[in-house]
Amino acid sequence: MPGIREVRRLPYSTEQMFDLVADVAHYSEFLPWVIATRIRSDDGHEMVADMLVGFKAIREKFTSRVAKVRPGEIRVHYVDGPLRDLDNVWRFVPLADGGCEIDFSVDFTFRNAMFEKLAGQYFDRAFRKMVNAFEERADVLYGSRSSSATSVA
């Protein structure tokens with residue numbers, strides 16, 4: 001299963017970043033390609049959500065189960081959609097200066113191996129664009145940025 005990982009140090013607290021990532025209902029306001037979301041259930045520890053993503057004429061719906069362990073981790077497990085598998089993990093580690101380190105990883109498998117080879121070339125760029133969108137959203141919600149990003153493959 002191909003995977004991508006990004007580690008960033010941000011000036012925001014673990015609680016702030018946890019809340020931002022856990023707020024799936026607002027993803028369509030700032031995440032590229034996210035057209036709409038629907039929360040099926042959310043008990044504070046586990047959420048089941050649908051996400052409609054699209055690019056040009058292509059539209060796909062994903063359903064995921066989201067496990068939330070405040071304020072340190074969010075695990076997203078793919079339930080249904082066009083892929084074979086898609087799992088991601090957000091880890092939020094507090095830093096001495098009051099900020100936090102975010103460790104975000106995604107593992108995915110397409111149903112079609114040839115499509116995986118083709119799309120895999122673009123997935124890395126799309127992933128980084130999404131991570132940037134979360135960071136920009138944090139800037140809007142919590143104040144100006146003074147972060148440093150480190151990529152880990």
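## Strands S4, S5 and S6

In this predicted model, strand S4 (residues 58–69) and strand S5 (residues 73–80) run antiparallel and are joined by seven bridges. One position along this pairing is given by Ser 64, which stands opposite Tyr 78 in S5, and the connection from S4 to S5 is a hairpin that passes through three residues.

Strand S5 also pairs with S6, again in the antiparallel sense, and here the pairing extends over five bridges. Val 76 has Asn 88 in S6 as its bridge partner. The two strands form a hairpin with two residues between them, and Gly 81, which lies in that turn, has a positive phi of about 155°.

## The S2–S3 hairpin

Strand S2 (residues 34–42) and strand S3 (residues 46–55) are antiparallel as well, with seven bridges joining them. Within this pairing Val 34 stands opposite Val 53 in S3. S2 and S3 form a hairpin in which three residues separate the strands, and the turn contains Gly 44, whose phi is positive at about 95°.

## Overall arrangement

The protein contains two helices and eight strands, and when these elements are read along the sequence they follow the pattern β-α-β-β-β-β-β-β-α-β. Of the contacts between residues at least 6 apart in sequence, 47% join residues that are at least 24 apart.

Buried residues account for 41% of the 153 residues in the protein. The exposed area comes to about 8,600 Å², of which carbon and sulfur atoms supply 54%.

## Aromatic pairs across the chain

The structure holds ten aromatic pairs. One of them brings together Tyr 12 and Tyr 142, whose ring centres are 5.7 Å apart and whose planes meet at 50°, so the pair is classed as tilted. This pair links distant parts of the chain, since Tyr 12 sits in the loop between strand S1 (3–10) and helix H1 (14–22), whereas Tyr 142 belongs to helix H2 (residues 113–142), with the two residues 130 apart. The partners are described by separate accessibility values: Tyr 12 is buried, with a relative accessible area of 3%, while Tyr 142 counts as partly exposed because its relative accessibility is 27%.

Another pair is made by Trp 90 and Phe 134, where the ring centres lie 4.8 Å apart and the planes are at 70°, so the geometry is edge-to-face. This pair, too, links distant parts of the chain, with Trp 90 in strand S6 (residues 83–94) and Phe 134 in helix H2, 44 residues apart. Trp 90 counts as buried at 4% relative accessibility, and Phe 134 is likewise buried, with a relative accessible area of 4%.

## The aromatic cluster

Trp 90 and Phe 134 also belong to one aromatic cluster, which is completed by Phe 18, Tyr 27, Phe 30, Phe 92, Phe 104 and Phe 127. Through Trp 90, the cluster includes a residue of strand S6, the strand that pairs with S5; through Phe 134, the cluster includes a residue of helix H2.

Technical notes: Residues numbered from 1 in each chain as written. Predicted model: local features only at pLDDT ≥ 70, side-chain atom pairs only at ≥ 80, totals over all residues. Heavy atoms only, no water. Phe/Tyr/Trp six-rings, centres within 6.5 Å; stacked < 30°, edge-to-face > 60°. Helix = DSSP H or I, 4+ residues; strand = E, 2+ residues; numbered from the N terminus. Buried < 20%, exposed > 50% of the residue type's maximum accessible area, 1.4 Å probe, protein only. Pairing = 2+ DSSP bridges. Contact = heavy atoms within 4.5 Å. Areas by Shrake-Rupley, 256 points an atom, 1.4 Å probe, with all protein chains shown as cover.
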